[in-house]
2 protein chains.
Amino acid sequence: MQTPDTIFKSLSDPTRRAIFERLCRGGEQTVWMLTEDAGISQPAVSKHLGILKLAGLVGDRREGRETHYSAKPQALAPLLDWMSIYAAFWHERFDHLESLLNRMDQ
Amino acid sequence: MQTPDTIFKSLSDPTRRAIFERLCRGGEQTVWMLTEDAGISQPAVSKHLGILKLAGLVGDRREGRETHYSAKPQALAPLLDWMSIYAAFWHERFDHLESLLNRMDQ
DNA sequence: CTAACTCATAACCATCCAGTTATGTATTAT
DNA sequence: ATAATACATAACTGGATGGTTATGAGTTAG
């Protein structure tokens, strides 16, 4: 399980997020396929995939000379946890406001 | 409403995340208070606050020579939206696995 | 009025990072 | 065997970025 820091950093780059999104939607794909519409060189794509892999967001599977990458959305769990904590403050305040308005109503 | 990109970038820095978390937990605070336990200089803190403000994650209120900053956790909403999309793929696969296991059970 | 305080901005610097090209290592095709 | 393919790694480069000190602008205190 990776830290929120690693995951935030990995997803802070738009190109990386696009790769992750594409793997989520399109399923397992080779480096070559990902390079085609990434608009950057193959080594750049490989580097991004390496970073995503370190964050646990993707997994790879060697098959002959191809490497198939796939998304592992479960790796978003620490981010969900982090967000749930601070989204809670949001609701908390909303609740406070609500109860305040209720009291003002009376 | 800011883009997921701006928000991801803002929160990808640990120092900035710490400031945001502190504002969420501790409520409104001045730059001076935040500087005290940030371990960096006051201008550095101000710059971080500026970035958080651009992302809509904090708001400020001038009062005399002090500036009071406060967290705006609602700004996490676009991040929640983004995550819900891709967390869905997670559950989708989980559901597939589950139904597969169910079928195998019979 | 002057001094001290709070904060923001400017200028600068070191480091990081996303991209590049070049090259190496397997693997498949001829 | 040779050539082509698929990918990873190394070395490099320019620009973004997080930090610093210096300074300015506005506000309170003496």
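This note goes through a predicted model of two protein chains with two DNA strands, point by point.

1. Conventions. The model is predicted, and local features are reported only at pLDDT of at least 70, side-chain atom pairs count only at pLDDT 80 or more, and totals for chains, interfaces and linings use all residues. Residues are numbered from 1 along each chain as its sequence is written, while chains are lettered from A and ligands numbered from 1 in the order in which they are written.

2. Overall make-up of chain A. Chain A holds five helices and three strands, where helices (H or I, at least four residues) and strands (E, at least two) are DSSP runs numbered from the N terminus. Along the sequence these elements of chain A follow the pattern α-α-β-α-α-β-β-α. Of the 106 residues in chain A, 25% are buried; a residue is buried if 20 or more other C-beta atoms lie within 10 Å of its own, exposed if 12 or fewer, and partly exposed in between, with C-beta atoms placed from the backbone. Among the contacts in chain A that link residues at least 6 apart in sequence, 57% join residues at least 24 apart, a contact being a pair of residues whose C-beta atoms, placed from the backbone, lie within 7 Å.

3. How the two copies are related. Chain B is superposed on chain A by a rotation of 180° with 0.0 Å of shift along its axis, at an RMSD of 0.0 Å; the fit is by least squares on the C-alpha atoms of residues with pLDDT of at least 70 in both copies. The two copies are thus related as by a two-fold rotation axis.

4. The interface between the chains. In this model 19 residues of chain B are in contact with 19 residues of chain A. On the chain B side, helix 1 (4–11), helix 2 (14–26) and helix 5 (77–105) are the elements that give two or more residues, and the largest share, seven residues, comes from helix 5 of chain B. The residues on this side of chain B divide into 14 nonpolar, two polar and three charged, with Ala, Val, Leu, Ile, Met, Phe, Trp, Tyr, Cys and Pro counted as nonpolar, Asp, Glu, Lys and Arg as charged, and the others, Gly among them, as polar. Because 100% of the interface residues of chain B are also interface residues in chain A, the copies meet through the same surface.

5. One residue at that interface. B:Leu80 belongs to helix 5 of chain B and, leaving aside its neighbours within four places in sequence, is in contact with A:Met83 and A:Ala87. B:Leu80 is partly exposed, with 17 other C-beta atoms within 10 Å.

6. Helices 2 and 4 in chain A. The axes of helix 2 and helix 4 of chain A come within 10 Å and cross at roughly 75°; axes are lines fitted to C-alpha atoms, for helices over the stretch in contact, and angles run from 0 to 180 degrees between N-to-C directions. Helix 2 and helix 4 of chain A are therefore roughly perpendicular to each other, since angles of 65 to 115 degrees count as roughly perpendicular, under 35 as roughly parallel, over 145 as roughly antiparallel and the rest as oblique. In this contact A:Thr15, A:Arg16, A:Ile19 and A:Phe20 of helix 2 meet A:His48, A:Ile51 and A:Leu52 of helix 4, and these residues divide into four nonpolar, two polar and one charged. A:Arg17, which also lies in helix 2 of chain A, counts as buried, with 20 C-beta neighbours inside 10 Å.

7. Surface near DNA strand C. This strand is surrounded by 22 residues, of which A:Ser41, A:Gly64, B:Thr30, B:Trp32 and B:Pro43 are the closest; a residue is near a strand if its C-beta atom, placed from the backbone, lies within 6 Å of it. Two or more residues each come from helix 4 (42–54) of chain A and from helix 3 (31–36), helix 4 (42–54) and strand 3 (66–71) of chain B, with the largest share, six residues, supplied by helix 4 of chain B. By class, this surface has seven nonpolar, nine polar and six charged residues.

8. Surface near DNA strand D. Around DNA strand D there are 23 residues, and A:Thr30, A:Trp32, A:Pro43, B:Ser41 and B:Gly64 come nearest. Here helix 4 of chain A provides the largest share, six residues, and the surface near DNA strand D has seven nonpolar, nine polar and seven charged residues.

Methods. Contact = placed C-beta atoms within 7 Å.
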